[in-house]
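Let's take a friendly walk through this protein together. Have the picture ready, and follow along one stop at a time.

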Amino acid sequence: MVGRRGAIGRRVPETAADRSLAKARGACSLVGSRPRFFRPSPGLSCARTTTQRPSGRPVVLVASWADAVMVDATHDESEAAVGGNNEGSAHAKTDAASGHRRISLSIGRRPGDLIFLAIAGAVVTLCSLAAMNLAVNPVELAIYQQFGKIPTASIRVWRVLAGTGSWIGVATATALALYFKRVRLGVYLATAGSLAWGLAQVMQRFIGDRPVPAELFVNPTDRLPGAAGFDFPSSSAAVAAAMAAVAAPYLSVKYRNLVWAVAILVGAADVYLGGNLPLGAFAAVFLGWGVGTTLNLVLGAPGRRTSAEAVRHALDVAGLKPIRVLPIESNRWGPLQFTVDTSTGDRLRVEIVRRLHRRAGPWYRLRRLLASLDVEDEPPLSTTYHEAEHEAFVTLCADRAGLRTPSVVSVCETEHGSPLLVRRQVEGRRLTKLDSAEISESLLDGIWRQVAILSTARIAHHDLRPKNILIDTAGGVWLLNFTFGRVSAAPRRCAQDVAEALVSLTALVGVERTVRSARRTLSPDQLEESLAYLQPLALPRRIRTQIDRRYVLTDLRETLADAIDRPIPTFRFPLRPSTIIGLLLFGAAVYVLLPQLSGLHGVVGSLRGAHWGWLIASVITGLLAILMSSVSIIGSSVSPLPFWRTTAVQLAAAFTGRTTPGGVGFFGVNIAFMERLGIRRAHAVGVTLLNLAATGAVSALWCVIGVFALGSSGVLRGVSIPHGWPVLAGAAGALVIAGVVVGSPLGRRRLVRPSLAMARDLLPVLRNPIRAIELFGGAGAYLLFSGLGLATSLAAFGARVPVAAVLVVFVVAQSLGHLAPIPGGLGAVESLMVAGLSAVGVAPATSVAAVLTSRLLTYWLPVLPGIATFRYLQHHGTI
């Protein structure tokens with residue numbers, strides 16, 4: 001028996017009076033280990049939480065807001081907490097005896113599997129086309145040879161792994177599933193393994209065996225295939241991957257990762273034992289993934305759909321005694337929300353938590369790491385159940401702080417299904433369902449009062465969209481959905497909430513009404529803090545996309561600043577220390593590893609013999625390129641810009657733009673500069689976008705003309721363009737996909753409309769010859785001097801290459817390399833330049849040395865004076 005804590009923290013035995021008092025008060029919270037069910041006592045802002053131990057004895061978590069006491073409940077108490085009567089207990093036992101029926105309640109299909117199936121099909125197709133080429137890729141051969149160096153003492157382990165993908169493995173997995181009474185899973189495993197093996201056999205007959213490379217006969221091993229050659233793809237890897245894809249929905253995250261690791265190791269075992277080359281094992285894993293995904297789409301899998309019967313069963317086990325469950329919101333893949341009437345007369349609303357809204361994957365973390373604004377992130381959560389518990393906890397805290405939000409009743413989950421978040425039902429309409437005329441000034445004031453309560457309580461909502469604002473039948477305002485919420489939030493997080501509410505209301509009632517209503521309720525200091533977050537980089541996409549019209553966000557920011565008589569915040573320091581350290585480490589890795597491709601000794605020898613005069617010329621070309629970029633910016637603006645101050649800003653932009661992904665720092669510093677000159681932000685944004693479009697147009701024209709000119713002159717050596725029906729089919733497919741994307745609503749919104757708007761902005765420039773020369777001439781001169789930096793670096797190492805060829809290589813590599821979401825295209829640009837110079841006949845060691853030197857002197861060296869210039873301009877209020 002776990003007791004309460006004494007005065008000095010020592011745990012003392014708990015008395016019956018203590019238990020009775022805690023039960024009477026119902027004072028509890030989400031404290032301790034993860035609860036299975038979470039239900040507050042009626043009428044109290046607290047909860048009684050029950051969870052199952054492995055031994056079957058439930059644990060009741062009872063705690064007040066100040067302290068927490070964990071009570072080990074007896075078996076009789078657990079029946080009362082879960083079922084409330086013997087009938088509920090018997091019902092739970094009946095369901096325990098028919099677990100397969102409960103699983104069938106949550107069988108459904110997930111639309112994301114269609115994307116996974118398309119990816120798997122594309123990878124298998126590309127690998128098959130590569131395998132039909134008789135020549136083995138040197139990289140693939142090198143990987144195979146590295147596998148051969150693994151000690152032979154591990155061969156038994158590899159043979160066991162390979163057997164997992166054989167018929168023995170299929171039979172064993174099926175038998176285990178049937179032993180644990182998972183009949184559906186057992187049938188699926190047998191079907192997936194058979195289909196994957198059959199498809200692999202068909203592909204092997206169609207593609208044929210891959211010949212053994214001659215390099216492998218130089219040092220013959222015992223792990224070479226027969227005279228026929230290597231199979232493609234690997235049957236065992238395909239079988240293992242198919243079974244892993246089918247079994248994954250039935251498993252927890254830990255075991256799901258384990259079965260996928262085994263599937264990948266089966267492919268590695270096939271390579272080690274000499275059955276396949278790496279490409280065959282790689283394609284086989286994707287083939288098996290595609291087979292398993294197809295079965296999940298056709299036959300369904302657990303956790304993809306939650307029916308009313310599954311909700312009824314979960315609520316019944318939680319002790320809520322439902323008598324009627326009705327779906328009220330659905331999509332094509334199943335219901336999303338339910339209303340529930342209980343035997344006690346309560347009306348509840350049940351939300352199905354299907355996926356992690358707060359998922360923080362690698363791409364999200366990389367984008368936030370390189371962000372130029374210090375924006376508060378949402379901490380990642382592990383599972384959907386964890387997310388539901390988190391929302392329940394934040395909702396309880398908000399309710400306790402006086403915010404009007406529906407009370408949380410329970411958090412539970414269906415077996416092998418989605419978690420359920422149960423709240424009390426509040427009758428009313430979402431703000432999105434109201435017409436603009438129905439949104440009165442008093443209603444806007446009520447919304448801002450709720451936002452003020454959040455800010456005072458230091459609770460961040462971080463999803464203040466109109467869909468999360470409910471207006472009850474009496475006209476009261478309620479805030480919903482604290483999925484992204486945070487307790488004890490920092491002041492800047494609360495300022496983000498104010499900014500999000502400003503954007504959301506602007507989308508409904510316009511800028512003027514939104515600013516006036518906010519000004520009536522919130523103080524100027526609170527509104528001033530939100531100014532820094534009224535810009536695209538600081539707002540989540542779900543908030544940003546509410547505004548379709550161009551420059552509305554800019555108008556909102558300027559109108560609010562005028563209303564509270566506060567200045568627009570200056571441009572902040574664009575990088576965090578962690579970002580700078582990461583860039584330095586990544587850059588060091590690129591500049592150390594890239595020379596290994598052509599021999600480190602040759603590169604070092606070339607560096608020692610470099611001509612210093614040409615290196616100084618490279619530095620000068622880098623500075624001249626910055627000067628030309630200022631000319632291009634001046635030509636982009638209708639309002640006159642001072643030349644030398646604009647040049648200084650471009651030098652500062654060499655720091656902010658080259659150290660942020662996508663060059664967002666370039667936009668920020670130029671927009672801030674033009675705002676200080678009295679140019680409206682909307683026009684400043686248009687100037688930077690116009691400059692970017694002009695530079696892109698010049699680069700594209702340069703690339704097309706230059707590549708065809710080089711091909712006609714015969715400078716390109718050892719470069720062959722692939723041809724045949726696979727290339728034509730790929731090109732036709734790419735054109736079809738591009739047409740579908742452009743013609744889709746997303747393509748029209750993201751591609752067609754911005755392109756047309758940019759074309760309209762370019763027309764006035766073309767009508768003015770001086771501005772056109774400054775804009776396009778400056779952009780072309782910027783590319784010219786930047787490319788001459790590479791030409792002078794080649795001259796420093798004694799390479800004799802036509803300057804025109806070097807300029808084409810530079811522009812192509814610069815254009816394609818900066819598509820990578822890495823500051824300055826670090827790594828991508830260097831690799832493309834080395835490949836391009838090698839194609840025009842430059843020795844590998846010389847090309848690597850010249851590229852690294854050019855990038856260092858012309859691109860990264862100006863960052864140092866850019867830092868000093870940035871600080872100087874910031875100190876004098878220029879940016």
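Helix α29 gives the largest share of the positive patch, 3 residues. Keep in mind as you look that this is a predicted model. The patch lies on the surface and is formed by R541, R544, R748, R749 and R753. Two elements give two or more residues to it: α20 (541-544) and α29 (745-767).

Let's pause at one of these arginines. R749 lies in helix α29. Is R749 buried, or is it partly exposed? Its relative accessibility is 39%, so R749 counts as partly exposed, because that class runs between the 20% and 50% cut-offs.

Now turn to a patch of another kind. L126, L129, M132 and F206 form a nonpolar patch on the surface, and together they have about 430 Å² of accessible area. You can find L126 in helix α5, which covers residues 112-131. L126 has a relative accessible area of 60%, so it is exposed; the cut-off for that word is over 50%.

Our last stop is helix α11, residues 253-272. How far should its 20 residues span? At 1.5 Å a residue, the expected span is 28 Å, and the end C-alpha atoms are 29 Å apart, which agrees. Which residues of α11 are buried? They are A263, V266, G267, A268, A269, D270, V271 and Y272. Just after α11 you meet G274, which takes a positive phi of about 85°.

How values were computed: Residues numbered from 1 in each chain as written. Predicted model: local features only at pLDDT ≥ 70, side-chain atom pairs only at ≥ 80, totals over all residues. Heavy atoms only, no water. Helix = DSSP H or I, 4+ residues; strand = E, 2+ residues; numbered from the N terminus. Expected span 1.5 Å × (residues − 1). Buried < 20%, exposed > 50% of the residue type's maximum accessible area, 1.4 Å probe, protein only. Patch = residues over 30% accessible without salt bridge, like charges linked within 9 Å, V, L, I, M, F, W, Y side chains within 5 Å. Areas by Shrake-Rupley, 256 points an atom, 1.4 Å probe, with all protein chains shown as cover. Salt bridge = Lys/Arg side-chain N within 4 Å of Asp/Glu carboxyl O. Lys, Arg positive; Asp, Glu negative; His and termini not counted. Charge placed at Lys NZ, Arg CZ, Asp CG, Glu CD.
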